[in-house]
Amino acid sequence: MERGAIDWEDMWSPYDDETYRFALEAALPDDVVVDIGAGDLRLALRMAARVRRVYAVERNPVLVERLMGSFDNLVVVCADALTWTLPPGVTLAVLLMRHCTRDHFAAYVRRLKDAGCRRLVTNARWKMGVEVVDLQCRQPYDPHRIGWYACHCGMVGFNAPDMDRITPDTLDGCIDVVGCPHCTV
Ligand SMILES: C[S@@+](CC[C@H](N)C(=O)[O-])C[C@H]1O[C@@H](n2cnc3c(N)ncnc32)[C@H](O)[C@@H]1O
């Protein structure tokens, strides 16, 4: 990988400890976790102490070459996560990649759903916020509902078909949807 690309990725990590704590607290002891773009494994190592198994996938060999292979319940893979075949049984995915494009986010979601994964911890949609995405959600986008939405294609937005009906309550919360107007999936 060319040096510039590595420097560019480095600019975005590490994230704040609150983000990592959120991801760790979203994990259950029985989870099989895939950490997509695992970087220097700072989260994967902590995650492995809490869950059944962690697959850490990182495409930059410089970051993972020392730790390639399997130890106890941590499997370190140097690969492109957009094409790497997900192992069976993954229950939770982590995508801490604020600069992830919407197309790539949608591709990760599609692949994770196809593999049967149920939850995704990510900062890729809201950028400055981290969330748990329900990958099993099938709630269709409702053009008449006022409020925030976040779609499996990566789009987020506030829908206000009728400005007069906006109240403080409609500003709270956000629902996960599929099939938003900007949908690419
Ligand atoms: C901003 S860093 C975050 C690293 C780590 N998730 C963390 O929170 O510390 C993004 C990482 O994702 C890796 N990455 C980006 N695209 C990738 C892909 N398609 N497959 C595997 N790794 C990827 C980069 O090499 C980089 O190490």
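This is a walk through one protein model, from its sheets to its ligand and a few residues in its loops. Keep in mind from the start that the model is predicted.

Let's begin with the sheets. Strands in a sheet pair through backbone hydrogen bonds, and they can do so in a parallel or an antiparallel way. Here, seven strands make up an open sheet, and its order is β3-β4-β2-β1-β5-β6-β7. The pairing in this sheet is mixed. At the edges you will find β3 (69-71) and β7, each of which pairs on one side only. Ignoring direction, neighbouring strands of this sheet are turned by 20 degrees against each other on average.

Now look at β1, which covers residues 32-36. In the sheet order, β1 stands between β2 and β5. Towards β2, the two strands run parallel and are joined by five bridges. You can find one of these pairings by looking for V32, whose bridge partner in β2 is R53. Towards β5 (residues 92-95), β1 again pairs in the parallel sense, this time over three bridges. Here V33 is a good residue to look for, as it stands opposite L92 in β5.

What about β2 itself, the strand of residues 53-58: how many of its six residues are buried? Five of them are buried, so β2 is largely enclosed by the rest of the structure. To follow that reasoning, it helps to know that a residue counts as buried when its relative accessible area is under 20%.

There is also an open sheet of three strands, in the order β9-β8-β10, and its pairing is mixed too. Its edge strands are β9 (156-159) and β10 (174-177), and each of these pairs on one side only. On average, neighbouring strands here are turned by 30 degrees against each other, direction ignored. Strand β8, made of residues 147-151, runs parallel to β10, and four bridges join the two. Within this pair, A150 stands opposite D176 in β10.

A150 also takes us to a residue in a loop. R125 lies in the loop between β6 (119-122) and β7 (131-134). Is R125 buried or exposed? Its relative accessibility is 4%, so R125 counts as buried. A polar atom of the R125 side chain lies 3.4 Å from the backbone oxygen of A150. The side chain of R125 also reaches the backbone oxygen of C151, at 2.8 Å. Both A150 and C151 fall within β8, the strand of residues 147-151.

The loop between β6 and β7 has another residue worth a visit, K127. To see why K127 is worth a look, recall that most residues other than glycine have a negative phi. The phi of K127 is near 65 degrees, a positive value in a residue other than glycine. With a relative accessible area of 31%, K127 is partly exposed.

L41 has a positive phi as well, near 75 degrees, and it is not a glycine either. You will find L41 in the loop between β1 and α3 (42-48). Its relative accessible area is 0%, so L41 is buried.

For an exposed residue, turn to P88, in the loop between β4 (74-78) and β5. P88 has a relative accessibility of 74% and therefore counts as exposed. Its C-alpha atom is separated by 8.2 Å from that of G116, a residue 28 positions away along the chain.

Finally, let's visit the ligand. Which of the 20 residues around the ligand come nearest? They are Y20, G37, E58, D80 and A81. The shell around the ligand divides into ten nonpolar, five polar and five charged residues. Some contacts involve the protein backbone: a backbone N or O atom of R59 lies 3.2 Å from a nitrogen atom of the ligand. L96 likewise has a backbone N or O atom 3.2 Å from a ligand nitrogen atom. With Y108, the contact comes from the side chain, where a polar atom lies 3.2 Å from a nitrogen atom of the ligand. How much of the ligand does the protein bury? Taken alone, the ligand exposes 600 Å², and the protein buries 97% of that.

Definitions and conventions
Residues numbered from 1 in each chain as written. Predicted model: local features only at pLDDT ≥ 70, side-chain atom pairs only at ≥ 80, totals over all residues. Heavy atoms only, no water. Near = heavy atom within 4 Å. Polar contact = N/O pair within 3.5 Å; in protein donor to acceptor, adjacent residues only side chain to side chain. Areas by Shrake-Rupley, 256 points an atom, 1.4 Å probe, with all protein chains shown as cover. Nonpolar A, V, L, I, M, F, W, Y, C, P; charged D, E, K, R; others polar. Pairing = 2+ DSSP bridges. Axes fitted to C-alpha atoms, helices over the stretch in contact; angles between N-to-C directions. Buried < 20%, exposed > 50% of the residue type's maximum accessible area, 1.4 Å probe, protein only.
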